[in-house]
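Please work through the exercises below with the sequence and the coordinates open beside you. Each task is followed by a solution that proceeds step by step.

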Amino acid sequence: MDKGCIFESRKERLSYPVPRVLLFAMFCFWQMGFIYFCGPALNIDGRTPLPMNADNLAALIAGAYIVSILFMIFLPRRVIWGERLLTLLSMGTALGLFLPISESALMLLIYAHVFFCCVMIGFETFVIVNFFSEQTAIYTLTAGYALALFLIALVQNDFSPVTFPIFRILTVFSLVCLLIFFFTMPAGKEACPEFINMDSKRIAPKKLMFGTYILVFVSALMAVSGPSISAAVKNGVTITYIADAAASLCMYIVYKKKNIHPFRLISNCLVLGGAGFLLMLGAQHSAFFAYIACALIGFGMMPCQMLPLYNLVIMKKYPSRFIVPATIILALAAVLVQSAMVEALRNHIALIDMSYAMMMGILVMVYLRIEPYFLHTVEQKKPEHGMVETEFAEKVWEEEKPALPDEQKTSDGRALLSRREKEVMDLIANGYTNQEIADILFISVYTVNDHTKKIYKKLDVHSRLEAVQKINKLTAEEQKLHI
């Protein structure tokens, strides 16, 4: 059995410049713009342009999610072809909106349009996680989404009128962008993602994956809750999406110009979002504070759109076809939980605000516990071909560590770690439990426990989280010295 895990889930991930990912990001505008176009409906994730049956629409959305999940599990190598087909079908229903048809026929077209769109929600995440390079994923989720979110804000009809005829044109334009993107994207066998086999003995970092999925669920819940809360304020949804777009653009600029990874900034945005929900409690009688609260909630929504990037980290460690489907299941569960909360507490708005503020606090705490493992994965260098991560880490620590004066060596705990302790520390930093490390290295868990205690002592830390944080800090300092 191989030690460590696969660093990349494909031989060649796709790297696209920002103009190219803007085409792909039009899916976000098409999805949220269409669903949110008219009249508020808090019990559904969005707004509908006709008085359609809420139960039917909810069942349609749930069914679309299920179709998406099953397709990704059983036909993962056909997702790009599925994207092409669904985009063409969506284009057909969009063009049908231009025809002089009856209201019932129009409603049927919109039902079909929503269904195709919701099926593609899972596919969008699948493409980012399994096909895009990390840099392209960041470009998509920051610069690409910044444009899409700004357009979503425009179609709210709060500050500038966007009539339904104009919106139909925008919908067709978005679909044309998607058609161009998907039909120019490679879809052959050589471009398909590589997954581990069901009978593989490769070990997954279960504890890290469990923590990441908690992060995914709460993030998805807050992503659908933010606009629902903002909808209670006049122009609130527009302000929220503009703030989200601004946060996304800022995240892109900082990453592009300062080379600061978004993972280092997410906790700050989450804190702002939590402050927004709290401020909404005291903004019932003040439009000024309500607008500030909506803007803060928008900043807090920005990290919630980074779910594909969280998945990308897990795929680097354990490339399974079930990673993205599990995320879509959690996203569907989040929509259902949010709908149930709103229905149960519809007459207690203050309690809803308090509940969301508390969940935002939980989200911050969960993220801070996962962040060091994320940073260790995304900021370490790529291993050479055929080299597993533990071997690569050993090479980096031993061969590329800059020379330090003798008086500084004692302050760097890694200089005192044995070869096996470094190997154990690398697996700890990749989110593995002691039992999983023992299985990977073919040693007993008691031996791993002993190595772990020695590592804590030499690094002067008291927990796995502190150890990973210390290693990340030392690595960053060494990279600066090396430069």
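The exercises begin with the model as a whole and then turn to helices, cysteines and single residues.

This is a predicted model, in which local features need pLDDT of at least 70 and side-chain atom pairs count only at pLDDT 80 or more, while totals for chains, interfaces and linings use all residues. Residues are numbered from 1 along each chain as its sequence is written, and side-chain values use heavy atoms, with hydrogens and water left out.

**Exercise 1. Confidence and overall make-up**

Describe the confidence of the model, and then its secondary structure and burial.

Step 1. pLDDT is the predictor's confidence in each residue, from 0 to 100; its average over the protein is 84, and 84% of the residues score at least 70.

Step 2. Two stretches should be read with this in mind: over residues 38–49 pLDDT stays under 50, and the model has 38 contacts beyond four places in sequence for them, a contact being heavy atoms within 4.5 Å. Over residues 383–411 pLDDT likewise stays under 50, with 48 contacts beyond four places in sequence.

Step 3. Helices (H or I, at least four residues) and strands (E, at least two) are DSSP runs, numbered from the N terminus, and the protein has 19 helices and 2 strands.

Step 4. Of the 483 residues, 58% count as buried, where buried means under 20% relative accessible area, exposed over 50% and partly exposed in between (1.4 Å probe, protein chains only).

Step 5. Among contacts between residues at least 6 apart in sequence, 82% join residues at least 24 apart.

**Exercise 2. The surroundings of helix H11**

Establish why H11 is described as largely enclosed, and how H7 and H12 are placed against it.

Step 1. Helix H11 covers residues 307–317, and 11 of its 11 residues are buried, so it is largely enclosed by the rest of the structure. Among these buried residues are Tyr310, Asn311, Lys316 and Lys317.

Step 2. Helix H7 (residues 206–230) packs against H11 at an angle of about 165°, with the axes 10 Å apart; axes are lines fitted to C-alpha atoms, for helices over the stretch in contact, and angles run from 0 to 180 degrees between N-to-C directions. H7 is therefore roughly antiparallel to H11, given that angles under 35 degrees count as roughly parallel, over 145 as roughly antiparallel, 65 to 115 as roughly perpendicular and the rest as oblique.

Step 3. The crossing of H7 and H11 is left-handed, a term used if the near helix is turned anticlockwise from the far one by less than a right angle, with right-handed used if clockwise. On the H7 side, the residues that meet H11 include Leu208, Thr212, Leu215 and Ser219, and their partners in H11 include Leu307, Tyr310 and Ile314.

Step 4. Helix H12 (residues 323–344) has an axis that comes within 10 Å of that of H11, and the two cross at roughly 150° in a right-handed sense. Here Asn311, Ile314 and Met315 in H11 meet Ile323, Val324 and Thr327 in H12.

**Exercise 3. Cysteines**

How many disulfides does the structure hold, and how far from other cysteine sulfurs are those of Cys28 and Cys117?

Step 1. A disulfide is a pair of cysteine sulfur atoms within 2.5 Å, and the structure holds 0 of them.

Step 2. Cys28 is in no disulfide, and the nearest cysteine sulfur to it, that of Cys117, is 9.9 Å away. Cys28 counts as buried because its relative accessibility is 6%.

Step 3. For Cys117 the closest cysteine sulfur is in Cys118, at 5.4 Å, which is too far for a bond. Cys117 also counts as buried, at 3% relative accessibility.

**Exercise 4. Single residues**

Examine the backbone and accessibility of Phe442 and Asp460, and then the setting of Ser225.

Step 1. Most residues other than glycine have a negative phi. Phe442, although not a glycine, has a positive phi of about 60°; it lies in the loop between helix H17 (434–441) and helix H18 (445–459) and, at 59% relative accessibility, counts as exposed.

Step 2. Asp460 has a positive phi near 60°; it sits in the loop between H18 and helix H19 (464–482), and its relative accessibility of 61% makes it exposed.

Step 3. Ser225 lies in helix H7 and counts as buried, at 0% relative accessibility. Leaving aside its neighbours within four places in sequence, Ser225 is in contact with Gln338 and Tyr356.
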